[in-house]
Every structure is written in structure tokens, then in C-alpha cells.
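Q: I'm new to this structure and would like a close look at a single part of it, with the surroundings filled in as you go. Could you walk me through the inside of the protein, and take your time over it?

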Amino acid sequence: MMDNLAQILMLLSVAVTVVVAFQQLHVPTSIGYLLVGLILGPHTIGPTFDIPEFKTLAEFGVVFLLFTIGLNYSLPQLHALRHQVLGLGTAQVLLVTVLVTLVLWAAGLPGSAAFVTGAVFAQSSSTIISSQLSEQAEQNSPHGRLGLAMSVFQDVTAVPFLVVIPVLGTAVGSLALAGSLGWAMGKAVLAFALVFFAGRWLLRPLFQLVTRRRSAEVLTLTVLLVALLAAWTTSTLGLSLAFGAFLVGMMLGETEFRFQVESTIRPFRDVLLGLFFVGIGTLIDPAAIPGIWHWAVMGAALIIVSKLLLVTLMVRMSGIATPTAWRVGLLLAVGGEFGFALIAIALDASVIDVRLGQIALTSVFFSMVAGSVLIRFNESIAACLSHTQRDAGTDPAVSVLDADEPRVLIGGYGRVGHTIAVLLQDSGIAFMAIDTDMTRVAQGRADGHQVVYGDVSDPELLTALQAEQASLLVLSVDDFAVAMQTITYMRSAAPQVPIIARARDLESSSRLLAAGAIHAYPETIEASLRLGGFALKVLRVPVNDIDLLMQEVRDRDYKPVLEEDDDAGKPGT
């Protein structure tokens, strides 16, 4: 026990040191975790991390990664985006897989090994693409939105590889392989049917029951139970754990609990995915690199060049301008972390040998490093390749991917939140409301409003909601602590988003304004003003004069009203 604790402390120490250093250098942390695994692996000099249960634990990183992807792409969303984004993402994976498979098969590799390598090379890193685009403020650009959407859909369309690759290691001969693949696909359909019907009939009632307890602990346990139960179901059928997690994520993605579930699972996913990368890093043997480095460099070049040219050609043929097409191609040229997962599955299933696994691992690693540079300078490189000037402007062909109307987030769907939602809906403004009361959530959805379950003060939930892209955040919650916590986080994470808050009195209003809200109207004083204004109206004072008087009080931070209250409280007045 003490030996394991010492090794865990060693792992955490090295991981914190490397990841912090990589963040300071603006290098993707996934590469940092790979370096941690390399440092602590059995192939390098120094301490070695060796806990038998570690590999099993790290596998859950991929499980929760696929669970999160399923949450973000439910069946209705996949159907709605099936043409441009899904079509391009699927075509890219298929074409790169086929091209690389044919090249490697012609070079003498067995068909199954060539196919797995092609599938690995077809993946792109959504993590690297999203983090670098955010850092470069390009996440909302036409090429950024299209490239990131395609990379995420690559993860979705790569799910069948989870079914196919394990079968390749067990079947011998074309007839046996066809039979095994058919049987595996049949089990995949059965797993989908089980999870689909269980999800439709059981998941929403289960989470409605759990959320009424208003216990973060119980909700976390329920999310873990559901994800792991689905993973166990597909594993029992002889499929991968990650496939079941993906399916149940899709089912939950259709419910009002999607964002809170994503925020709940995110810490587990990030930590376990980091451990997965560490585990992959331990497989890299630096001593083998001198003997395979030329193959690894050629593999990395094959990854980058094949994806760059194919993606650019496909995007250009879809009607998008040449400079934007080149920039999308440069984004997707990077190797992907999902490729590491496929390599690990292929090694376990003995589809590829250790040497080929080393070449594939190193190739993907090299492509991730080189691809990060391509993303960093994608504008300049695309300008050179397309022979155009930089800053060519917005490509109208991809405007469908841009948000065409402002999105307002409403924190709290009580009396005030509902009123704001009605006004926004009548004005044709898109909005989403968040509340922790399931009765209010159900009523809001019955009213036709987009209301989801969640705690608006939860930073992970705000991240899942992409609050940094909101046009406005309205805090209508009748809880000062929740409002303050939300404003404090938003001011540090997304200072560009304007915030309007509800306040009970002037003291609360002042503190909310000081925290960063642009408006925080005190309800008690506003009620007094409206009552006084109506009294003046009854006394036939002109409406314009009443409005000017009330606005003057507001502009002076309600000081005239407060001064009168203070005078009334003094002795002798």
C-alpha cells in the first residue's frame, strides 16, 4: 500500500510539473501527459511507475471521452447536421483510412495492420485544435468553426472502429473475418437497441428523481453509474467499453440534464484521460526510436500531407473559398488522441505487433507536435498556399456554421426568469434558461422554452454551456451568493459577456455592480419607484415628467430615495 502511495505521489508530482510548464509554453497538455508517461515508463532511466490497476483505470478516460462526445451529439443533432459537417467529417475519415491502408498494404503490411494504421492516421485532435483556436481567438472564425466541427464528427464516425478492430485480431481468413464482423455489427445493433430503449424509457425518469434530491453527490454517483453500466453492457456483448458510453451519452444528450451531466463528468474525464495519455506515453520506447525514426517521420508526413490535401480538396469542392479550405485542412492535419486509443485497442487485440505499434505511436506523436505549429501559423501558410492576401474576410459559404442571432443565458427560471424568457421569445431572441428546480424546468419545457437543469454558479456547467459565447447573461436567481459566485467566475473567464443581475436591495445591488454586473436593479426600491410613479400618474402629473423623475433617481444610484430614508430614521425628524 505504501509503495503504491509513493508511486502515485511521484506520478502526480511529475504530472503537475510537466503540465504547468507546458501550459506556460502554450503547448497542448495532451503532449505533456505523453511526456510524463515517457519519463516514468519502463523504457527510460529513473523511477518507473508500475501499478497493475493503473492501466484499467486509465481506460476509463476513453470511456468518459466517448460519453462526453455522445452528450454533445445526440441523434437529432446528428440528423440535423448530416449534410455538410457530418458528410465532410465522415468522408475525411473514410478517404484517409482507405488511402493510407492502400499505401501501407502496397508497401507489404498485412491488410488488417494496414487498415488499423489507416484508421489511426485518419484521426485529428479535437483537444489540440480547440485549445489553440481559443488561444488564437479563432474559435468563432469560419475556418475555426468548420474545422472543429469536423474534428469532433471524426470522433463520432470513428466509433465503428471500436467494434471492428478487436474482431480483426480474432478472425483468420476472409470468410471468418466477414462472419466475425457481421456478428460484431449485429451485437452493436443489439447494444444500440438496448441502450436506446432503456435511455428513452428509464434515463429521464431516473434523473428527474435524482435531481429532485438537489444533491450534487447523488447526481455524480448516478452519472458514473449510468456511464459505466452502459460500458459494461457493451463489454459483456464482446464490444468495447467506450462504445456503450458513447451510446448512453447520445441518449442523455436529448434530455434537459445534458449540460449538468457534462459538467459533472468533466473532472473525471479530464483526469482519467490524462492518465490514459500517461499510459500511452509509457508504451513509447526511446531506445527504439533510432531504429524507426525514419519510418515515424514518414508516417507523420503521411498523416499531415494526406489529410491536408484531402480535407482542402473536399472543403473546396463543397463551395467554400480556397483560403478557408486550406486553413481547415491545416487544422485537421494534426494527429489525434483518439488514434492512441485505437492503437491501444489494436495492441491488446494483437492486430498489430509491438514494432508497428511503436512506429504508429511515434508517428502520431510527431504529427501532433508538427500539427500544432501548422495550426499556430495557419493563416500565413494558407495565404502562401492559396496565393492570396491575409485577412480575406468571412466566407459566406460557411456562414451556416456561425451563430446568426444573439444567445442569452438566463440563470433562474422562477417568476422573474419566466417573464424575461417570454419577453425574449416575443422579441425573437434565442435564449436558454437554467434552473435547479425540476418543476420549473418541466414547466418551462412544456411552455416551449429552452430550459435545462443545472446550477448556474457551477463553472463546469458554464463551460459546457459555452457561456463565453453568450451575448448576455441575465441572473434572475433569488440567491445573492449564487449571483456573486457566477459574476465572479464570468468576469475572470469571459469578461466580454455583459451581465444583468437581480438584487433585493441597494446594498446587494452595489456589491453585484462592484463584482462586474453592468446592471443590478434593487427590487425593493424599484417597487417603491413604480408605486410612486403610479401615484403621480393618478394625480395627473405628465407621464414624461414621471419618467424623467424616475430615471433621474436611477441615474443618481437611488441616492435621493436613500437620503430621504436616512433622514426619516434620524431622531427629531
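A: Here's a tour that starts in the core, moves through the hollow spaces, and ends with the charged pairs and a few loops. One thing to keep in mind from the start is that this is a predicted model.

Let's begin with the nonpolar core. The largest one has 120 residues. Inside it, the residues with the most contacts are L66, F67, F207, F276, V315 and F340. Helix α3 supplies the largest share of this core, namely ten residues. As a bit of background, nonpolar side chains in soluble globular proteins tend to be buried together.

F340 is a nice residue to zoom in on. Setting aside its neighbours within four places in sequence, F340 is in contact with L34, F276, F277, I280, L361, V364, F365 and M368. F276 is on that list, and F276 is also among the core residues with the most contacts. There's a second core too, separate from this one, with 28 residues that include M432, I434, L462 and A517.

Now for the empty space. The structure holds one cavity of 30 Å³ or more, and the largest cavity has a volume of about 30 Å³. The elements giving two or more residues to its lining are α3, α13 and α16. Who lines this cavity? The residues are V62, L65, L273, F276, F277, E337, F338 and A341. So you meet F276 and F277 again here, the pair that also touches F340. By type, the cavity lining splits into seven nonpolar residues, no polar ones and one charged; E337 is the charged one, because Glu counts as charged.

Next comes an open space, the second largest pocket, with a volume of about 880 Å³. It is lined by 36 residues, and those closest to its centre are K55, E59, L283, A344 and D348. Two or more lining residues come from each of α3 (54-72), α9 (159-168), α12, α13, α16 (337-348) and α17 (354-376). Helix α3 gives the most, with six residues. That makes α3 a good helix to follow by eye: it gives residues to the largest core, to the cavity lining and to this pocket. As for character, the pocket lining divides into 23 nonpolar, nine polar and four charged residues.

Time for the charges. Across the whole structure, a search finds nine salt bridges. One of them joins R204 and E256, with the closest N and O atoms 3.1 Å apart. R204 sits in helix α10 (residues 174-211), while E256 is in the loop between α12 (241-252) and α13 (258-283), so this pair ties together parts that are 52 residues apart in sequence. The two partners sit in unlike surroundings: R204 counts as partly exposed, at 30% relative accessibility, whereas E256 counts as buried, at 3%.

R440 has a busier side chain. It forms a salt bridge with D435, where the closest N and O atoms are 3.4 Å apart. R440 also meets D437 in a salt bridge, at 4.0 Å from N to O. R440 itself is partly exposed, with a relative accessible area of 38%, while D435 is buried, with 4%. Step back and you find a network of salt bridges linking R214, D435, D437 and R440.

R214 leads us to the loops. It lies in the loop between α10 and α11 (216-236), and it is exposed, with a relative accessible area of 52%. R214 also has a positive phi of about 55°, although it is not a glycine. S350 gives you another example: its phi is near 60°, again a positive value in a residue other than glycine. You'll find S350 in the loop between α16 and α17, where it counts as exposed at 59% relative accessibility.

For a last stop, compare that with another serine, S386, which lies in helix α18 (residues 378-386). S386 counts as buried, at 13% relative accessibility. Leaving out residues up to four places away in sequence, S386 touches T322, P323 and W326. The C-alpha atoms of S386 and A325 are separated by 9.4 Å, though these two are 61 residues apart along the chain.

How values were computed
Residues numbered from 1 in each chain as written. Predicted model: local features only at pLDDT ≥ 70, side-chain atom pairs only at ≥ 80, totals over all residues. Heavy atoms only, no water. Helix = DSSP H or I, 4+ residues; strand = E, 2+ residues; numbered from the N terminus. Buried < 20%, exposed > 50% of the residue type's maximum accessible area, 1.4 Å probe, protein only. 1 Å grid on protein atoms, 1.4 Å probe; cavity = no way out; pocket = protein on both sides within 12 Å on 5 of 7 lines; lining within 4 Å. Points joined across faces, edges and corners; volume = space filled by probe spheres on them. Contact = heavy atoms within 4.5 Å. Core = buried A, V, L, I, M, F, W, Y, C linked by side-chain atoms within 4.5 Å.
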